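Thanks for coming, everyone. I would like to walk through one structure this morning, taking charge pairs, helices and then empty space in turn.

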Amino acid sequence: MPGKLSDVPRWEYPPTSNKEFDYANLETLDLSTVTGDEYDVVPEEVVKKIGDALARDGFIYATNHGLSSEQIQRQFSIAQLAFDGVSEEDKARYRAKILETGDFTGYKPRGHWKLKGVRDQIEHFSLQSHAFGNREEVFPPALLPLVDEIEAFNRYNHDHIFRKILSVLSLVLKLPPNYLWNLASKEDERFDLFRYALYHPPSPDEDAKTDGVRLQGHTDFNAVSLLYSQPIVSLQVLMPDNVWRYVRHVPDALVINLGDAMHFISGGYLKPTIHRVVSPPDPDQVPYRRLGVFYFAQFNRTTRLAPIADSPVVRSTGKTFFDDGRKSPTAWEWECSRVKAYGQDGQKKVIDGGHEEEEMIGGEKVVHYN
């Protein structure tokens, strides 16, 4: 069992596919263009390009985020340790109370979800912001020496990367550059979710039953999601022409997408694109496990997910949610309701076209796609 920082085995990237597939054509946000002491200076052409992309596609890449290749690889090494260096007994002891509380903090075991009668092969170790103040209760012994390092990585994602993205999005909505950051920066209301994930390859029979789908198509629940790019070609996004396309691996880049919370407060202007994980199209990559490092950034717990009346862009959409804006849930309420609804037996019923639909959540219909 690792007892110090140097004991973490180094994670080696799987081979990158050299084959061409139907990749999504995604724009790239160069985060070094967001400057100023409060990240409040963004070139107009960047605001226009990224605003158009996130209103149309909901997915972009982000580069020049300030983290080195070694820092990113280190997080993948810790992710590997979180699964391979922690006993099954400890994973059970530190299990997430997903259905009980709507909180992903802790371990999600394989088999929690079901798709077409097949149990998933995905493990998570997730940490909401409160986890760092309850170390002994949340972290298994193998990870305790690494808590400060993991927390510092989380803090950087929140205070620098997420903040820069919010500055761009505020300007997209024709708001002051710090407007959205003010809805996400209360320290005592943070509940961002950091996650290490491990996708184990299913058996060929299981893959056949699910048509190769390993995580059903969905939107994220939060404001902005950050995924550290990794070589396994497996993530697909449902593009505006209603075609599933793969997300290309860009070394050291982030894959950024928007979630429900951002969609609601933007009056539907900013898009929470449906995405899924499927079997790699490159046969050479099929045997590999897919390791993931994610940061799901949130607004403050009490931020009400109603369209922002101060934004002329939002007002122009004329769109409301939850029947009446006064009934809009807070960011925390929406997160918990969606986590709880995403239960052990998967979605509730099959509808036309092979899609699957969950029950209504807070007056809004949530649809998942195979």
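K91 and E88 sit three residues apart in helix α3 (residues 88–93), so about one helical turn separates them, where helices (H or I, at least four residues) and strands (E, at least two) are DSSP runs numbered from the N terminus. Their side chains meet in a salt bridge, at 3.3 Å from N to O, the term meaning a side-chain nitrogen of Lys or Arg within 4 Å of a carboxyl oxygen of Asp or Glu. K91 is buried, at a relative accessible area of 8%, whereas E88 is exposed, at 53%; buried means under 20% relative accessible area, exposed over 50%, and partly exposed in between, with a 1.4 Å probe and protein chains only.

Before going further, I should say that this is a predicted model, in which local features need pLDDT of at least 70 and side-chain atom pairs count only at pLDDT 80 or more, while totals for chains, interfaces and linings use all residues. Residues are numbered from 1 along each chain as its sequence is written, and side-chain values use heavy atoms, with hydrogens and water left out.

The structure holds 26 salt bridges. One of them joins E20 to R248, with the closest N and O atoms 3.2 Å apart. That pair links distant parts of the chain, 228 residues apart, as E20 belongs to the segment before β1 (28–30) and R248 to the loop between β11 (244–246) and β12 (254–258). E20 is exposed, at 59% relative accessible area, and R248 is partly exposed, at 34%. Another salt bridge pairs D241 with R245, at 2.9 Å from N to O; here D241 is partly exposed at 44%, while R245 is buried at 19%. Elsewhere, salt bridges that share partners join R155, D159, E187, R190 and D192 into one network.

Turning to helices, what distance should the 13 residues of helix α1 (residues 44–56) span at 1.5 Å a residue? The expected value is 18 Å, and the end C-alpha atoms are 18 Å apart, which agrees; the expected span is 1.5 Å times one less than the number of residues. The buried residues of α1 are V46, V47, I50, G51, A53 and L54. They cover an arc of only 165 degrees around the axis, which puts them on the same side of α1, the arc being that of the directions from the helix axis to the C-beta atoms. The face turned away from that buried side carries the exposed residues E44, E45 and K48.

Now to empty space: a search of the whole structure finds four cavities of 30 Å³ or more. On a 1 Å grid over the protein atoms alone, a cavity is a set of points where a 1.4 Å probe fits but cannot get out, and lining residues have an atom within 4 Å of a point. The largest cavity has a volume of about 430 Å³, a volume being the space filled by probe spheres set on the points, which are joined across faces, edges and corners. It is lined by 29 residues, of which R195, H218, D220, H275 and F296 lie nearest its centre. The largest share of that lining, four residues, comes from β7.

Definitions and conventions:
On a 1 Å grid over the protein atoms alone, a cavity is a set of points where a 1.4 Å probe fits but cannot get out, and a pocket is an open set with protein on both sides within 12 Å along at least five of seven lines; lining residues have an atom within 4 Å of a point.
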